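Subject: Handover of a structure for your review

Dear colleague,

Please find below the sequence and the structure that I am passing on to you. My notes on what was found follow directly after them.

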Amino acid sequence: MDRTAQLTSRARPTAHSVVYEPDVTTHSQPAPHTRPAPHTQHAPHALHVRAAEVLESNWTGTSTVPSRGLYPHQWSWDSAFIAIGLRHLSPLRAQTELETLLSAQWGDGRIPHIVFNPSVPLDAYFPSPDFWRSSTAGRAAGAPRTVQTSGIVQPPVHALAVWLVHQADPGLSRARGFLARAYPRLAAWHRYLLHRRDLGGGGLASVVHPWEQGMDNSPCWDAPLSRVTPAPARSFRRADLDHGAAEDRPTDLDYGRYVRLATDYRDAGYEDGANAFAVEDPSFNALLIASEHALASIAHELGATGTARHARAERLTTALVERLWDPAEGMFFCRDMAGGVGGALVPERGVSGLIPLLLPTLPRDIAATLVRTARGPHFEVGGAARLVPSYDLLGEAFDPHRYWRGPAWFNTGWLVERGLRQHGERAHADALRTALLETADTSDFAEYVDPYTGEACGALGFGWTAALTLDLLHQGPVDDDGFDNGLGNGLDNVFGMSDQGGERR
């Protein structure tokens, strides 16, 4: 029996213990310098079961929806994060999750941000398949004929997810040829980003729509979007308002601009290069770099050296620092490539600018500065903020409840937590881990929360919140002189590199 089914069977409570590898109750004591978690001794066990129930409820048979109401299809980076959690319940299901997504890849290498479920009514979500017209408008780009998808992409966290899922059960992975089948698709995906999306010529990938970066409504997009003429409100219907309060969602003006960008991209046959919106984003590129390191590990497992992949990741890290790092502000910023020759940095502090902390060879002085920025007045991580806010707490556009304009999200919190550990910030990482687990528990696995209070916002029973809760629960104990070796072997082992940062100055 699938361990997810075992875990969620209420009729057999004794089966719950089989999923603990190791038993998470042995890791439930708060680390030094963290506030005690308001849980009983057995609360981590109960939280594990509840998280597994969310993933079981959202499972369709071949993939996991983010939520049954608001997001009834398969989303690209959601599935990657969900697979990272699913590997603790069923490595086979985690592999299937990623294989389903990769099977919808386009001929040019892009992995679409949505794979549509044909059994879901068209009016359940907008933009729906009849808007994207992938099989016709995307024909020249090699869109698949047997499945309908969107035509844009999402952050490239997939190779990292594939490697972590492999590590959960290497024997099963090898028996199924999981890595051997995934590797060429992942390599093609990275080629697409590194060649077709290097719109600035500086080596970094650009996003051509705010939805591609994943932080849809961030104030970082306000200036680049201001040049876009919105689609008429009468030309589309916002299905998202059926599931969320208007004051928590993007405005009609912003949504009209999203629709205009997507329409123009579709009508140009999804061809890259002449886009009205083109932004080099630090989080998107940091995840590409992390996945290049993961691809190196996959290549090594398959019998190659992986040296070229690591070298490419190093070059991308250099480009990231040269193009997006602002030493005066102590942060990475987006670069607006459509705003003029060479582009210009967008002076808005979003959580995206903290995500490069994930990178193993980020220069030590930059990593240390990023930690200070994260803990400083703009983000207050470990201070007044319960979790990592998605936007500058002191920014004029800050709103603790409006989509990506201030609320805290669990995937970005998980990435920052991983980054803190990557660079030896154990106490801060432990404190953030505790806060993430507490908030997932009290918010009923909310899509996002108020960064100060932890109040639930958006959908409840959200896929990646539950999945990353499982991943945090499965972290092993951390030695004083070593890195965490319990979370799928940690990012240092994922990359085969030290957790102490790079030597480059």
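Phe81 and Trp414 are both buried. These two residues form an edge-to-face aromatic pair, with 6.0 Å between centres and 80° between the planes. Because Phe81 belongs to helix H3 (residues 76-86) and Trp414 to helix H16 (residues 410-422), the pair ties together parts that are 333 residues apart in sequence. Please bear in mind throughout that this is a predicted model.

A second edge-to-face pair is formed by Trp221 and Phe277, at 5.9 Å centre to centre and with 70° between the planes. This pair also links distant parts of the chain, 56 residues apart: Trp221 is in the loop between helix H10 (210-213) and helix H11 (222-225), and Phe277 is in the loop between helix H12 (252-267) and strand E4 (279-280). Trp221 and Phe277 are both buried. In total, the structure holds 24 aromatic pairs. Phe81 and Trp414 also belong to one aromatic cluster, whose members include Tyr71, Trp75, Tyr125, Trp409 and Trp464. As for charges over rings, Arg266 lies over the face of Phe131, at 4.9 Å from the ring centre.

Overall architecture

The protein has 505 residues, of which 62% are buried. Its secondary structure comprises 19 helices and 11 strands. Of the contacts between residues at least 6 apart in sequence, 71% join residues at least 24 apart. The exposed area is about 17900 Å², and carbon and sulfur atoms supply 51% of it.

Nonpolar core

In soluble globular proteins, nonpolar side chains tend to be buried together. Here, the largest nonpolar core has 138 residues, and those with the most contacts inside it are Phe81, Phe332 and Leu354. Helix H13 (residues 282-301) gives the largest share of this core, namely nine residues. Apart from its neighbours within four places in sequence, Leu354 is in contact with Met331, Leu370, Thr373, Ala374, Phe379, Val388 and Val416.

Covered elements and residues

How many residues of helix H7 (residues 158-168) are buried? The count is 10 of its 11 residues, and the helix is accordingly described as mostly covered. Among the buried residues of H7 are His158, Trp163, His166 and Gln167.

Thr469, in helix H18 (residues 463-473), counts as buried because its relative accessible area is 3%. Beyond its neighbours within four places in sequence, Thr469 is in contact with Leu47, Ala51, Leu437, Ala440 and Phe445. The C-alpha atoms of Thr469 and Asp441 are 8.9 Å apart in space, while the two residues are 28 residues apart in sequence.

Pro451 lies in the loop between strand E10 (448-449) and strand E11 (456-457). Is Pro451 buried or exposed? Pro451 is buried, since its relative accessible area is 0%. Pro451 and Ala385 are 66 residues apart in sequence, yet their C-alpha atoms are 5.5 Å apart. Ala385 is also one of the residues in contact with Pro451 once neighbours within four places in sequence are left aside; others include Arg386, Phe398, Pro400 and Pro407.

Cysteines

The structure holds zero disulfides. Cys220 is in no disulfide, and the nearest cysteine sulfur, that of Cys334, is 4.7 Å away. A disulfide would need the two sulfur atoms to be within 2.5 Å, so this distance does not qualify. Cys220 is buried, with a relative accessible area of 6%, and Cys457 is buried as well, at 4%.

Backbone geometry

Three places in the backbone may interest you. The peptide bond from Phe126 to Pro127 is cis, with omega near 0°; Pro127 is in the loop between strand E2 (114-115) and helix H5 (129-132).

Glu380 has a phi near 55°, a positive value in a residue other than glycine. Glu380 is located in the loop between helix H15 (364-375) and strand E9 (408-409), and this residue is partly exposed, with a relative accessible area of 24%.

Asp444 likewise has a positive phi, near 60°, and is a residue other than glycine. Asp444 is in the loop between helix H17 (426-442) and E10, and counts as partly exposed at 37% relative accessibility.

With kind regards

Definitions and conventions: Residues numbered from 1 in each chain as written. Heavy atoms only, no water. Buried < 20%, exposed > 50% of the residue type's maximum accessible area, 1.4 Å probe, protein only. Core = buried A, V, L, I, M, F, W, Y, C linked by side-chain atoms within 4.5 Å. Helix = DSSP H or I, 4+ residues; strand = E, 2+ residues; numbered from the N terminus. Contact = heavy atoms within 4.5 Å. Phe/Tyr/Trp six-rings, centres within 6.5 Å; stacked < 30°, edge-to-face > 60°. Lys NZ or Arg CZ within 6 Å of the ring centre and 35° of its normal. Areas by Shrake-Rupley, 256 points an atom, 1.4 Å probe, with all protein chains shown as cover.
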